[in-house]
Amino acid sequence: MNAMRRKRMLQYNDDLADALFSWAEDLVSPGNNLNFKEITEDAWQAYAKGAVIELPVLPARESVVFPQLVVPLLVGRERSLRAVAAAEEDNIPLLVLLQKDPDNEDPGPGDLHPVGTSITIGRRLHMPDGNISLLGQGQRRMRIVEFTQLSPYLKAVVVPLLDQEVSGIAVDALMRTVLTLFHRCVQLDEDLPDDVYIAAMNVEQPGWLADLIAHVMYFPIEERQTLLEITDPALRLQQVSEMLSRELQVLELENQIQEKVHSEMDKSQREYFLREQLRAIRTELGDSDEPASEIERLRQRVVETPFPPAVRQQAERELRHLAAMPPMAPEVAILRTYLDYLLDLPWALGERKHPTLREAARILDREHYGLKKAKERILEHIAVRQLVGEKMNMPILCFVGPPGTGKTSMGRSIAMATGRKFARVSLGGTRDEAEIRGHRRTYVGALPGRIIKTMRTAGVLDPLFMLDEIDKLGADFRGDPSSAMLEVLDREQNHLFSDHYLDVPYDLSHVFFIMTANSTYDIPPALLDRMEIIEFPGYMETEKLEIARRFLLPRQRVANGLGDYPLRFPDGTILRLIRGYTYEAGVRNLERNIANTLRKVARQLAEGHKTPRLITPTSLERYLGPPLYLFNKRNERDEIGLATGVAWTEGGGDVMPVEVIIMQGKGTLLLTGQMGDVMQESAQAALSYARAHAKDYGFADINFNDVDIHIHVPEGGVPKDGPSAGVTMATALISALSGRAVRRDVCMTGEITLRGRVLPVGGLREKLLATQRAGISEMILPQRNEKDLVNVPKQVLKHIHLHKVSYVEQVLALALVD
């Protein structure tokens, strides 16, 4: 620090600086032999009387001279050299003024501070580069009156600034405070000798004490100039006290840091010494060097692992860092974990069995019933793979369907049919982008993302990777995981997938990705565009019956210890379970109820009681209680203001009655039943259509300003939305206004416009299945949905009579009772 301060003040080599500081110490020491030039008697008399005098000016870049103190100065500019020569020639003081900008090579009157110090010149030393090094002793503070000469050097008329006379207890207390702070600074700063504090103790004048401390302490240059301009010694001492307090805080903090560093160094040296002793002891005992042997094993694994070139360079670089570290260093565990991940990941394709098309089809049919579309797509992939080989682009499929329809289990079956390992990650509730990409190694406890972790667990470069519940991804302040998934699922990018923890590219192009979702509504469009959607529709009654017979019953028999027990579960009982105890698109609750029934039988068998060998439809109530659902959910009679609609839900489909009543009021439209914004707009459009055609349907005499209309959709605890209830609301509304009842055996779906047109809607297959479950025989649907009937099973169409319409008039003609 001392060298840096000297360099900043003097701007020349350290040897010369040491010599000048030695001269300064000689100057203030007793018996010094430095003879500063005597000032002429006339000049001193003028000084004593406070008269105005004219002095040559020496601009200083970063030097503030205080009265009565010696300071080294380096003079090199032409005008400054002339000013020094003039002062020596005329035997007068030299005025030192601080520059406002130290980089200004040719300062003028406006570039200098107005207050400086007159000095007498002591020793001078000519330098090899033409500069002059001199020692000057400050005399008095001076203020510029005016500049009288600009060339060949600056010359100015100045007036002395005399210190004010101050005394008293307050000044004595302030001097003691300053001395105490200064003493503490001297103790903490190794660059300040104790002699400086002794000199300060012997100063009796407050102004001189402030100047001495400001001269010794290396305060910022602007603060030193401010102190020079203060003529009140008490105020100057107060300023020095505040500056010393700030400097003391800095010195105490530096001292704490140095002590901590020394402590750490001592600890490291002690550990190193102990480790060397331990190594010597192990050598004498013949024990192997475990850390060294572990490094050698890692090095051998790095050589044997088929890394790409860039990854190999990274692994070798990290291994070198690990080998160079002490075994007990905290970074060793971090580097070791990183190398373990690099070495455990699969980096090359291995050998695997490729089943034939016939074998794959047999596996899929054995594991799943139905799901024709998904099976066809997988068999197409296997066929292309046989023709193209490893060059083919892997498909990215997304299975979309209600819960319990076999999406995840189909993924396992596909893995078996294609000869791949099965890996699965559930994305439901994932909100942190780092869950996908990992954390950077700068964080404590950083680990790779779930993609890399699962690839490490799979152990092969080409697994079947199932990403479950991709529509349940969230986003918050930690990032958007769906955006990170874009790189994973893009075939143009995922061969260079970047995990933040690994920080090297990883090839995911050989992975067979399959996503699952209950709906595509919550999947971002950019992510959805990278997937091939395969619908998993809800099962029909006959399909559920077959699935229960082939898969669910045998599995639950074994799971509940009844594999060898001759218990019969006839089709009638299974149908009773399907119709009375489940109301779902999948078969999850069906399997749950089968298991519940078999557990009760198993308990009876275990307790030694009489155990039935046949589960009849009527005996189900003894095991499961009364039925939870009514198979036939249609209305018991034709009613005014009550129409039956059908809606798509995540559980498949469901019937949705719409109720309307008319009452005296003020023309208000009331909407209840947790309708969403789109559904509310459909209700308003239906009312506008009804009012516009009031004369056509026989209620032109109703004054809508005198009545309130209440539209309600039951099951108010369930949110509902969408435009497909438009025709249902219009039918119920016109029924209530005209007094004509709505047929109970007809349900309907379709979006309505103000012109009375019926627009197509989605989810037709699920809505038809819901119609069949409800026991409704006729359904009204938009004409433009006829193309969607191709995906509806013929068994369903055989039991439902379809009416395809394009206008509301056709709907009303079919639905309203004459």
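This report describes the overall build of a predicted model and then one helix pair within it, α21 and α22.

**Overall build**

The protein contains 28 helices and 24 strands. Its radius of gyration is 47 Å, whereas the globule rule gives 28 Å for 818 residues; the value is well over the rule, so the protein is more spread out than a compact globule. Taken along the principal axes, the C-alpha atoms fill a box of roughly 135 × 95 × 60 Å. Of the 818 residues, 48% are buried. Among contacts with a separation of 6 or more, 73% are between residues 24 or more positions apart.

**The pair α21 and α22**

The two helices and the residues that meet in their contact are listed here.

| Helix | Residue range | Residues in the contact |
|---|---|---|
| α21 | residues 571-581 | Leu577, Ile578, Tyr581 |
| α22 | residues 588-607 | Leu590, Asn593, Ile594 |

The axes of α21 and α22 lie 10 Å apart, and the helices pack at an angle of about 120°. Angles of 65 to 115 degrees count as roughly perpendicular and those over 145 as roughly antiparallel; α21 and α22 are therefore oblique to each other. Their crossing is right-handed.

What kinds of residue make up the contact of α21 with α22? Five are nonpolar, one is polar and none is charged. On the α21 side the contact is formed by Leu577, Ile578 and Tyr581, which meet Leu590, Asn593 and Ile594 of α22.

Note on methods. Residues are numbered from 1 along each chain as its sequence is written. This is a predicted model: local features need pLDDT of at least 70, side-chain atom pairs count only at pLDDT 80 or more; totals for chains, interfaces and linings use all residues. Side-chain values use heavy atoms; hydrogens and water are left out. Axes are lines fitted to C-alpha atoms, for helices over the stretch in contact, and angles run from 0 to 180 degrees between N-to-C directions. Helices (H or I, at least four residues) and strands (E, at least two) are DSSP runs, numbered from the N terminus. Angles under 35 degrees count as roughly parallel, over 145 as roughly antiparallel, 65 to 115 as roughly perpendicular and the rest as oblique. A crossing is left-handed if the near helix is turned anticlockwise from the far one by less than a right angle, and right-handed if clockwise. Contact means heavy atoms within 4.5 Å. Ala, Val, Leu, Ile, Met, Phe, Trp, Tyr, Cys and Pro count as nonpolar, Asp, Glu, Lys and Arg as charged, and the others, Gly among them, as polar. The radius of gyration is taken over C-alpha atoms; the globule rule is 2.2 Å times the number of residues to the power 0.38. Buried means under 20% relative accessible area, exposed over 50%, partly exposed in between (1.4 Å probe, protein chains only).
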